[in-house]
Amino acid sequence: MYYLKNTIFLDLTKNQKAALFGFIKSFVKKHPQKTTDEILSLFIEDEQYYYEQKNPHFEWIIKEFENENFLKELSMLIDENKKQLALKEACKPFIEKQKALAKEQRKKAAEYKQSKQPPTKKQIYYYDMLCKKYKIKQEPVENLSRLDLKNMIGKILDEHDTGLKKI
């Protein structure tokens, strides 16, 4: 795509080029199942319609539709956007796996950090309240970490929440 940006629409200004590239990219996303020629004709129809309504996206583009070279370059741009969209779709499963792996690594890092820190006063208080509420014998919390207390609280909540759901 980068190479394409430097080789087509050389007669347009930088702003016109950027606006056209962005608009075509979103236009191709709206019509993923259509062919390049169908998308091109739809784009031309839309621009002519908006021009007739005196609300064009690009005021300069109507004159360019008569230029055969412009239409060829526009077709190349649409084709390239379709390829980019297909490539992005093909990479989607890999990206999802990477996100899941990164999430798992963040969780492990947080657990490691918590295993080195003493429990907070809120955790201790919450643990005491849960033990009183469910009439559970309290274990000493002096030498436990945040992670240990978090796991103990989670275990208590899991045991008593599942008991409520069965009833």
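The following paragraphs lead through the helices, aromatic pairs and selected side chains of a predicted model.

Helix α3 offers a starting point. It has 17 residues and spans 24 Å from its first C-alpha to its last, close to the 24 Å expected at 1.5 Å a residue. Its buried residues are Thr36, Ile39, Leu40, Phe43, Ile44 and Glu47. Viewed down the axis of α3, these buried residues fall within an arc of 135 degrees, and they therefore line one face of the helix. That buried set packs against α2, α4 (61-64) and α5. Asp37 and Glu52, on the other side of α3, are exposed. After the helix comes lysine 54, with a positive phi near 65 degrees.

One of the buried residues of α3, Phe43, leads to the aromatic side chains. The model contains 11 aromatic pairs. In one of them, the rings of phenylalanine 27 and phenylalanine 43 have centres 5.7 Å apart and planes at 75 degrees; an angle over 60 degrees counts as edge-to-face, so this pair is edge-to-face. The pair joins distant parts of the chain, since phenylalanine 27 belongs to helix α2 (residues 14-30) and phenylalanine 43 to helix α3 (residues 36-52), 16 residues apart. Both phenylalanine 27 and phenylalanine 43 are buried. The two rings also belong to a cluster linked by ring pairs, which comprises Phe9, Phe21, Phe23, Phe27, Phe43, Phe58, Trp60, Phe65 and Phe70.

Helix α5 (residues 68-115) contains leucine 85. With a relative accessible area of 24%, leucine 85 is partly exposed, because buried residues lie under 20%. Leaving aside residues up to four places away in sequence, leucine 85 touches Val28, Lys29 and Pro32. For leucine 85 and valine 28, a sequence separation of 57 residues corresponds to a C-alpha to C-alpha distance of 8.6 Å.

Further along α5 are glutamate 104 and lysine 108, four residues apart, about one turn of the helix. Their side chains form a salt bridge, at 3.8 Å from N to O. The count of salt bridges in the model is one. Glutamate 104 is partly exposed, at 44% relative accessible area, whereas lysine 108 has 53% relative accessibility and therefore counts as exposed, the threshold being over 50%.

Helix α6 (residues 121-134) can be read in the manner of α3. This helix has 14 residues and reaches 20 Å from first C-alpha to last, close to the 20 Å expected at 1.5 Å a residue. Gln123, Tyr127, Leu130 and Cys131 are buried in α6. Down the helix axis, the buried residues of α6 occupy an arc of 100 degrees, so they line one face. The face turned away from this buried side carries Lys121, Lys122, Tyr125, Lys132 and Lys133, which are exposed. Just after α6, lysine 135 adopts a positive phi of about 55 degrees.

The cysteines complete the account. A disulfide is a covalent bond between the sulfur atoms of two cysteines. The structure holds zero disulfides. Cysteine 91 is partly exposed, at 32% relative accessibility, while cysteine 131, with 2%, counts as buried. Cysteine 131 is thus among the residues on the buried side of α6 described above.

Methods
Residues are numbered from 1 along each chain as its sequence is written. This is a predicted model: local features need pLDDT of at least 70, side-chain atom pairs count only at pLDDT 80 or more; totals for chains, interfaces and linings use all residues. Side-chain values use heavy atoms; hydrogens and water are left out. Helices (H or I, at least four residues) and strands (E, at least two) are DSSP runs, numbered from the N terminus. Buried means under 20% relative accessible area, exposed over 50%, partly exposed in between (1.4 Å probe, protein chains only). Contact means heavy atoms within 4.5 Å. A salt bridge is a side-chain nitrogen of Lys or Arg within 4 Å of a carboxyl oxygen of Asp or Glu. A disulfide is a pair of cysteine sulfur atoms within 2.5 Å. Rings of Phe, Tyr and Trp (its six-membered ring) pair if their centres lie within 6.5 Å; planes under 30 degrees apart count as stacked, over 60 as edge-to-face and the rest as tilted. The expected span of a helix is 1.5 Å times one less than its number of residues. The arc is that of the directions from the helix axis to the C-beta atoms.
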